[in-house]
Amino acid sequence: MSEIVILDSDRGKTFAVQVGDFIAILLPENPTTGYRWEISEVDNQLVESQGSDYSVAPGSSTGGGGTRTFQFRANSTGKGQIQLGRRCSWEPATRTIEQFTVNIQVQ
(Lines give C-alpha, C1' and ligand atoms only; values in the text may rest on other atoms or scores of the structure.)
Protein backbone atom coordinates (compact mmCIF):
# COMPACT_ATOMS: atom_id res chain seq x y z
CA MET A 1 0.00 0.00 0.00
CA SER A 2 1.21 3.48 -0.78
CA GLU A 3 -0.09 7.02 -0.51
CA ILE A 4 -0.73 9.15 -3.57
CA VAL A 5 -0.57 12.90 -2.88
CA ILE A 6 -2.63 15.13 -5.18
CA LEU A 7 -2.21 18.91 -5.16
CA ASP A 8 -4.28 21.83 -6.49
CA SER A 9 -2.01 21.91 -9.57
CA ASP A 10 -3.11 18.32 -10.42
CA ARG A 11 -6.67 19.43 -11.23
CA GLY A 12 -8.14 17.37 -14.10
CA LYS A 13 -5.34 14.80 -14.16
CA THR A 14 -5.70 11.00 -14.07
CA PHE A 15 -4.06 8.92 -11.34
CA ALA A 16 -3.52 5.15 -11.40
CA VAL A 17 -3.63 3.52 -7.97
CA GLN A 18 -3.80 0.02 -6.55
CA VAL A 19 -6.56 -1.45 -4.37
CA GLY A 20 -5.66 -0.56 -0.78
CA ASP A 21 -3.70 2.60 -1.67
CA PHE A 22 -4.45 5.83 0.14
CA ILE A 23 -5.12 9.06 -1.75
CA ALA A 24 -4.54 12.45 -0.12
CA ILE A 25 -5.86 15.60 -1.82
CA LEU A 26 -4.39 18.85 -0.46
CA LEU A 27 -6.15 22.11 -1.34
CA PRO A 28 -5.62 25.68 -0.11
CA GLU A 29 -8.43 26.88 2.11
CA ASN A 30 -9.22 29.84 4.32
CA PRO A 31 -12.22 28.84 6.44
CA THR A 32 -12.51 32.30 8.02
CA THR A 33 -13.98 33.47 4.69
CA GLY A 34 -16.85 30.98 5.08
CA TYR A 35 -15.82 29.06 1.95
CA ARG A 36 -14.71 25.49 2.60
CA TRP A 37 -13.92 22.50 0.42
CA GLU A 38 -16.30 19.53 0.59
CA ILE A 39 -16.90 16.33 -1.35
CA SER A 40 -19.31 16.96 -4.23
CA GLU A 41 -19.24 13.51 -5.78
CA VAL A 42 -17.34 10.26 -5.33
CA ASP A 43 -18.05 6.58 -6.04
CA ASN A 44 -17.74 5.15 -2.52
CA GLN A 45 -17.42 1.62 -3.86
CA LEU A 46 -14.35 2.65 -5.86
CA VAL A 47 -12.73 4.99 -3.32
CA GLU A 48 -13.98 5.49 0.22
CA SER A 49 -13.64 8.77 2.08
CA GLN A 50 -11.48 8.50 5.19
CA GLY A 51 -12.36 12.04 6.27
CA SER A 52 -10.70 15.43 6.00
CA ASP A 53 -8.80 17.81 8.21
CA TYR A 54 -7.60 21.38 8.12
CA SER A 55 -4.15 22.65 9.10
CA VAL A 56 -3.12 26.28 9.46
CA ALA A 57 -0.20 27.36 7.29
CA PRO A 58 3.07 27.56 9.26
CA GLY A 59 3.70 31.10 10.45
CA SER A 60 0.19 32.18 9.51
CA SER A 61 -1.66 34.62 11.72
CA THR A 62 -5.37 34.54 12.51
CA GLY A 63 -7.38 34.41 9.29
CA GLY A 64 -4.29 33.60 7.22
CA GLY A 65 -5.47 30.34 5.72
CA GLY A 66 -3.99 26.89 5.37
CA THR A 67 -4.61 23.50 3.76
CA ARG A 68 -7.62 21.18 3.66
CA THR A 69 -6.57 17.52 3.28
CA PHE A 70 -9.05 14.89 2.10
CA GLN A 71 -8.14 11.23 2.57
CA PHE A 72 -9.54 8.37 0.48
CA ARG A 73 -8.80 4.64 0.30
CA ALA A 74 -9.01 2.71 -2.99
CA ASN A 75 -11.51 -0.13 -2.45
CA SER A 76 -12.09 -1.90 -5.76
CA THR A 77 -10.91 -1.89 -9.36
CA GLY A 78 -12.50 0.49 -11.82
CA LYS A 79 -12.50 4.08 -13.05
CA GLY A 80 -14.16 7.13 -11.56
CA GLN A 81 -13.76 10.70 -10.38
CA ILE A 82 -13.33 12.52 -7.13
CA GLN A 83 -15.13 15.86 -7.31
CA LEU A 84 -14.73 18.51 -4.63
CA GLY A 85 -16.43 21.89 -4.41
CA ARG A 86 -15.71 25.06 -2.45
CA ARG A 87 -18.75 26.86 -1.06
CA CYS A 88 -20.33 28.32 2.06
CA SER A 89 -22.09 25.59 4.04
CA TRP A 90 -25.25 27.66 4.48
CA GLU A 91 -25.72 28.13 0.74
CA PRO A 92 -27.15 25.54 -1.68
CA ALA A 93 -24.75 23.25 -3.55
CA THR A 94 -25.57 25.17 -6.74
CA ARG A 95 -23.68 28.16 -5.27
CA THR A 96 -20.30 26.38 -5.41
CA ILE A 97 -17.66 28.94 -6.40
CA GLU A 98 -14.88 26.50 -7.36
CA GLN A 99 -14.63 22.87 -8.49
CA PHE A 100 -11.76 20.41 -8.22
CA THR A 101 -11.89 17.11 -10.12
CA VAL A 102 -9.40 14.28 -10.60
CA ASN A 103 -9.85 10.97 -12.42
CA ILE A 104 -8.94 7.79 -10.57
CA GLN A 105 -8.13 4.38 -12.10
CA VAL A 106 -7.93 1.66 -9.48
CA GLN A 107 -6.09 -1.46 -10.66
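How do S4 and S7 pair, and over how many bridges? They pair in the antiparallel sense, over seven bridges. Keep that pairing in mind. The model is a predicted one, and the walk through it starts with the whole chain.

The protein has eight strands and zero helices. Read from the N terminus, the elements run β-β-β-β-β-β-β-β. The radius of gyration is 14 Å, close to the 13 Å that the globule rule gives for 107 residues, so the protein is as compact as a globular protein of that length. Its C-alpha atoms fill a box of roughly 40 × 35 × 20 Å along the principal axes. About 6000 Å² of the protein is exposed, and carbon and sulfur atoms supply 47% of that area. Of the 107 residues, 33% count as buried. Now take contacts between residues at least 6 apart in sequence: 65% of them join residues at least 24 apart.

The strands come next. In general, strands of a sheet pair through backbone hydrogen bonds, either parallel or antiparallel. S4 and S7 belong to an open sheet of four strands, with the order S2-S8-S7-S4 and mixed pairing. S2 and S4 stand at its edges, each with a single partner strand, so one side of each has no neighbour in the sheet. Neighbouring strands here are turned by 25 degrees against each other on average, direction ignored.

Follow this sheet from its S4 edge. Trp37 stands opposite Arg86 in S7. The next pair is S7 and S8, antiparallel over nine bridges. Two positions help to trace this pairing. Gly85 stands opposite Gln99 in S8, and Gly78 stands opposite Val106 in S8.

At the S2 edge, look for Phe15, which lies in strand S2. Is Phe15 buried or exposed? Its relative accessible area is 14%, and because buried means under 20%, Phe15 counts as buried. Setting aside neighbours within four places in sequence, Phe15 is in contact with Ile4, Ile6, Asp10, Val102, Asn103, Ile104 and Gln105.

Turn to the other sheet. An open sheet of four strands has the order S1-S3-S6-S5, again with mixed pairing. Its edge strands are S1 (3-7) and S5 (47-56), each of which pairs on one side only. On average, neighbouring strands of this sheet are turned by 20 degrees against each other, direction ignored.

Inside this order, S6 has a partner on each side. S3 and S6 pair in the antiparallel sense over eight bridges. Ala24 stands opposite Gln71 in S6. S5 and S6 also pair in the antiparallel sense, over nine bridges. Here Ser52 stands opposite Phe70 in S6, and Ser49 stands opposite Phe72 in S6.

Thr69 gives a close view of strand S6, where it has its place. What is Thr69 in contact with, leaving aside neighbours within four places in sequence? The list is Ala24, Ile25, Leu26, Gly51, Ser52 and Asp53. Thr69 has a relative accessibility of 14%, so it counts as buried. How far is Thr69 from Phe15? The two are 54 residues apart along the chain, and their C-alpha atoms are separated by 17 Å.

The last stop is the nonpolar core. The largest one has 19 residues. Those with the most contacts inside it are Ile25, Val47, Ile82 and Ile104. Which elements give two or more residues to this core? They are S2 (14-17), S3 (22-29), S4 (35-42), S6 (66-74), S7 (78-88) and S8 (98-106). The largest share, four residues, comes from S8.

Ile25 is a good residue to find in the core. Not counting residues up to four places away in sequence, it touches Ile6, Arg68, Thr69, Phe70, Phe72, Ile82, Leu84, Phe100 and Val102. Thr69 is thus met again, this time among the residues that Ile25 touches.

Technical notes:
Residues are numbered from 1 along each chain as its sequence is written. This is a predicted model: local features need pLDDT of at least 70, side-chain atom pairs count only at pLDDT 80 or more; totals for chains, interfaces and linings use all residues. Side-chain values use heavy atoms; hydrogens and water are left out. A nonpolar core is a set of buried Ala, Val, Leu, Ile, Met, Phe, Trp, Tyr and Cys residues joined through side-chain atoms within 4.5 Å. Buried means under 20% relative accessible area, exposed over 50%, partly exposed in between (1.4 Å probe, protein chains only). Contact means heavy atoms within 4.5 Å. Two strands pair if DSSP finds at least two bridges between them. Axes are lines fitted to C-alpha atoms, for helices over the stretch in contact, and angles run from 0 to 180 degrees between N-to-C directions. The radius of gyration is taken over C-alpha atoms; the globule rule is 2.2 Å times the number of residues to the power 0.38. Accessible areas come from the Shrake-Rupley method with a 1.4 Å probe; for residues, only the protein chains shown count as cover.
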